[in-house]
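Open the model in your viewer and keep the selection tool at hand. The stops below go one at a time, each with something to select and something to look for.

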Amino acid sequence: MMTLKVNGREHQVDADPDTPLLYVLREDIKLNAAKFGCGLGQCGACTVIVDGKAVLSCVTPMVLLEGKQVTTLEGLGTASEPAPIQRAFMEEQAAQCGYCIAGIMMRAQALLQRNTKPTDEQIRTELDPHLCRCGTHMRILRAVHRAARLMDTADATPAAEGRAR
Amino acid sequence: MTAPMNIDRRRVLAGGGALIVSFSLSGALAQQQDPPAAAPPSPPGSLKTTPYLDAWIRIDADGHIEVFTGKAELGQGFKTAFQQIAAEELDVAFESLKVTTADTGLTANEGYTAGSNSMKDSGTAIQNAAAQARELLVAEAARRLDLPIENLRTADGAVVAPDGKRLSYGELVTGDMLHVQAQPKSKLKDTATFKVIGRPVPRVDIPAKVTGGAAYVQDMRLPRMVHARIVRPPSYGAQLTECDTSAVEKLPGVVKVVRDGNFLALVAEKEFQAIKAMNALGAAAKWQETARLPRQDDLLAVLTSLPSQNSTIFERSNSPASGRKTIEATYTRPYQAHGSIGPSCAVAQLIDGKMTVWTHTQGVYPDRQGIAEMLRMPPASVRLIHVEGSGCYGHNGADDAAADAALIARALPGRPVRVQWMREQEHAWEPFGPAMVTKLKASLDDGGKIADWHFDVWSNTHSMRPGGAGSMLAAQHMAHPFAVPAPRPLPLPEGGGDRNAIPIYTFPNAKVVHHFIPTMPIRISAMRALGAYHNVFSIESFMDELAGLAGVDPVEFRLKHLEDQRGRAVIEKAAQAFGWKGGQKAPQDRGFGFAFARYKNLAAYCAIASEVEVNRETGRPHLVRAVAAVDSGQVVNPDGLINQIEGAIVQSMSWTLYESVTFDDSRITSIDWQTYPILRFDAVPESIEVHIIDRPGQPFLGSGETGQGPAAASIANAIANATGKRLRNLPLTRKRIKEAIDA
């Protein structure tokens, strides 16, 4: 049994220590956002934030996460009370199938938490670990820029992280 | 519910532990069995095959309205478009409707969600069903109020009399009112009064997708659900010779090992336990491999030397060919992968002899037929429910995963079984987009116009989708296997390998020959745009080569050969918005390219101009910007249409510049994103602009696939413009460009 802090709440998890974080999030904590894409760290669909940094949860064993803060897309906001990044993706209609989107949003969130005014070049470089097959890249880039502007006028700190402090 | 209570019309389907009463789908079948002597004009869209209005629209006494479609939402956004169409024609608020998508227990059989046909088939059916439902409600109000129909209007879910008296749809609807067959013609609204159609309504599926709501079949969690993984053979046709499962069965969490011939799978309580056990089982399995795959680097010779059935699909000889200058060219396309970001997934459950499968298949009814045949169950005992998956872009592993889940669930009655493929399984086992070869030859007359045109295309079929069990891997691998069905060429006018092979341009002499190749050395099926991707790439590249030979600007050259006015309009719009000028010169190391097609020669029109930069040192191409113009008839959701075209350009650019499936003499070797690289953010264009030419009142034309071919040719033409070298073999990789520059 291990204690995992996810979206500001502590969870007792009964899983083998080598279990990648992705499976714990999806199966034990029943969160949907982080997705299985490749299990190899090649596509970014599983990305979550750990202590402020974007992490590929499909290749990160649970045992490395003792005492750390894990944030998933669910921890940022909800459909009725979306966080700035979620609002931005809705306003730009930045998805088609959307399977890759949660991972991309989490890396963008991590970027915006440390750099509130990234250049277009910085956003593209940051998102390079991520694949999108529907070709919604133009909208994704616009949405990240929009999120940066929204965060400029709002509290960028996710609600869940705020509660955890 | 307004379900008619006529018991003999009622069909009871059981699935997922719930009883579903289906009352309106038998109408189509009844009509098929007993055709009228003189066929009356049929109603439009899918109303032809499913004519009862309540198969599409149901209104209950509280005024709740549910719209049904047999098509599947694949991320293309039409669930929102259908809701707009129904809201518009019913005169109700957009938010007040609910749309239910493909489910063999609930919706019409609309075959596959494919070929950019959803708006044309289902959108048209919903539009007409909604308009006719509204007419019936108005007629009922007229009867109750004793007023002429002309004096009544509808607004916000009610019929309104001149004195302001309102009768809500819920009050007006009676038991059997909508259980009537659609009329051939509907009183559709005047397009000038549209309030919902034509607006960029935000997509209904996006909020859940950007907040971690349950949006995909991958997110399903049923009580007592177990996780399964498959151990696939290492190559096509490999035989399982030995497999000691005893050690795997003792691993933590393992519930069962399922073996049926060469089908090998295991089930565990938790997902990562299943993956670990899959690895152990894979190590224990011994296979005998026999596959003999063709030479990947010589597809031209491979395809043109296989036996083919040749048919002349177009021939015109109006005047003796007076060509003075003749050129020939050969273009090739490799096998390419759908490459869904999420590997295929399905959940299945067997309860009391009834199998329910939740799947991201594009065709719940054909897939049900295949699964029922595989399980030797009556189709009525199998229910398939579409749940969104990762984008598929055609026939990927979805149907196979559904069959996997059903076969395993049969071995564990009562327990829901969730199967998800691993990345390497999706990459190695999905049915790829077929490799193709085209050979073109044309002559110019003295006036620089095309005098004669010859087009030959070699291709496999472009659909091996289920219908029968033999299309699905699990059924092929069972101890008593189902044979892969014989491939058939898809009929024109839509076509398969010959899709868009017939030129839209007018040439005095032309001949188009389709060389259909039945032998399939690599597993293939439908991939977005089918043969149109390569055929349009070939035609539109060759048009540029001919324009160069004629010394005419490529846009002007196209217009000189095109009579279709809507086609001319998109070409002119894209050229104007791009800033295209005859005799222009692109900046240093850059090139401009142009291409155009009407998808299938009967769906949406699309023209694309692009600017590509080529690094002469490395050969690396970069699409800097693209400008598209599209005409898809009446536009329902302009932002949805723009999203589709933007996506088509970006995806086609990835296919065109980077992608080919690789294999050695027995195995597929492109098994992940390193061995099958696709576009990443560093190569995303600076801008993509999409201009819509709206055609109010004109039929919906499918647009989901219209951009694939023009984007490819536009980029190829821009690379030729930038380098002076013509590349004819897809993909147009950095290496090939560099070799061409250095040659």
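Begin at A:Gln93, the residue to find just after helix H2 of chain A: its phi is positive, near 50°. Bear in mind throughout that this is a predicted model.

**Stop 1: helix H2 of chain A**

Step back from A:Gln93 and select residues 84–91 of chain A, which form helix H2. Is this helix mostly covered or mostly open? It is mostly covered, with 6 of its 8 residues buried. To see them, colour A:Pro84, A:Ile85, A:Gln86, A:Ala88, A:Phe89 and A:Met90, the buried residues of H2(A).

Which helices do these buried residues pack against? Within chain A they pack against H3 and helix H5 (137–152). H5 of chain B also takes part, so show both chains here.

**Stop 2: A:Leu112**

Now select helix H3 of chain A, residues 101–114, and pick out A:Leu112 in it. Why does A:Leu112 count as buried? It has 23 C-beta neighbours inside 10 Å, and 20 are enough for a residue to be called buried. Next, draw a distance from the C-alpha atom of A:Leu112 to that of A:Leu141: the two atoms are separated by 13 Å, and the residues are 29 apart along the chain.

**Stop 3: chain A as a whole**

Zoom out and show all of chain A as a cartoon. Its secondary structure comes to 6 helices and 5 strands. Followed from the N terminus, the elements run β-β-α-β-β-β-α-α-α-α-α. The radius of gyration of chain A is 15 Å, close to the 15 Å that the globule rule gives for 165 residues, so the chain is as compact as a globular protein of that length.

Turn the chain about its principal axes: its C-alpha atoms fill a box of roughly 40 × 35 × 25 Å. Of the 165 residues, 57% count as buried. Among the contacts in chain A with a separation of 6 or more, 64% are between residues 24 or more positions apart.

**Stop 4: the two domains of chain A**

Give residues 2–75 of chain A one colour and residues 84–157 another; these are domain 1 and domain 2. How far apart are the centres of the two domains, taken over C-alpha atoms? They are separated by 20 Å.

Look at the boundary between them, where 14 residues of domain 1 are in contact with 14 residues of domain 2. On the domain 1 side, select strand E3 (47–50) and strand E4 (53–56) of chain A, each of which supplies at least two residues. E3(A) gives the most to this side, with 3 residues. By class, the domain 1 side has 9 nonpolar, 3 polar and 2 charged residues.

**Stop 5: where chain B touches chain A**

Show chain B again beside chain A. Here 48 residues of chain B are in contact with 49 residues of chain A. On chain B, select helix H5 (206–209), helix H7 (271–284) and helix H16 (638–658): each supplies at least two residues of the side that touches chain A. Which of them gives the most? H16(B) does, with 8 residues. Coloured by class, this side of chain B shows 20 nonpolar, 16 polar and 12 charged residues.

**Stop 6: the domains of chain B**

Hide chain A and colour chain B by its domain assignment: domain 1 (7–209), domain 2 (217–290 + 338–429) and domain 3 (436–462 + 497–742). The C-alpha centres of domain 2 and domain 3 of chain B lie 37 Å apart. At their boundary, 13 residues of domain 2 are in contact with 13 residues of domain 3. The domain 2 side of this boundary has 4 nonpolar, 6 polar and 3 charged residues.

**Stop 7: helix H10 of chain B**

For the last stop, select residues 398–410 of chain B, which form helix H10. This helix has 13 residues and reaches 19 Å from its first C-alpha to its last, close to the 18 Å expected at 1.5 Å a residue. H10(B) is mostly covered, with 12 of its 13 residues buried. Among the buried ones are B:Asp399, B:Leu407 and B:Ile408.

Finish on B:Ala405, which is also buried. Together with B:Leu266 and B:Ala628, B:Ala405 touches the most other members of the largest nonpolar core, which has 282 residues. Leaving aside neighbours within four places in sequence, display the residues in contact with B:Ala405: B:Ala346, B:Val347, B:Ala348, B:Val357, B:Val417 and B:Val419. In soluble globular proteins, nonpolar side chains tend to be buried together.

Notes: Residues are numbered from 1 along each chain as its sequence is written. Chains are lettered from A and ligands numbered from 1 in the order in which they are written. This is a predicted model: local features need pLDDT of at least 70, side-chain atom pairs count only at pLDDT 80 or more; totals for chains, interfaces and linings use all residues. Domain bounds come from an automatic or database domain assignment. Two residues are in contact if their C-beta atoms, placed from the backbone, lie within 7 Å. Ala, Val, Leu, Ile, Met, Phe, Trp, Tyr, Cys and Pro count as nonpolar, Asp, Glu, Lys and Arg as charged, and the others, Gly among them, as polar. Helices (H or I, at least four residues) and strands (E, at least two) are DSSP runs, numbered from the N terminus. The radius of gyration is taken over C-alpha atoms; the globule rule is 2.2 Å times the number of residues to the power 0.38. The expected span of a helix is 1.5 Å times one less than its number of residues. A nonpolar core is a set of buried Ala, Val, Leu, Ile, Met, Phe, Trp, Tyr and Cys residues joined through C-beta atoms within 7 Å.
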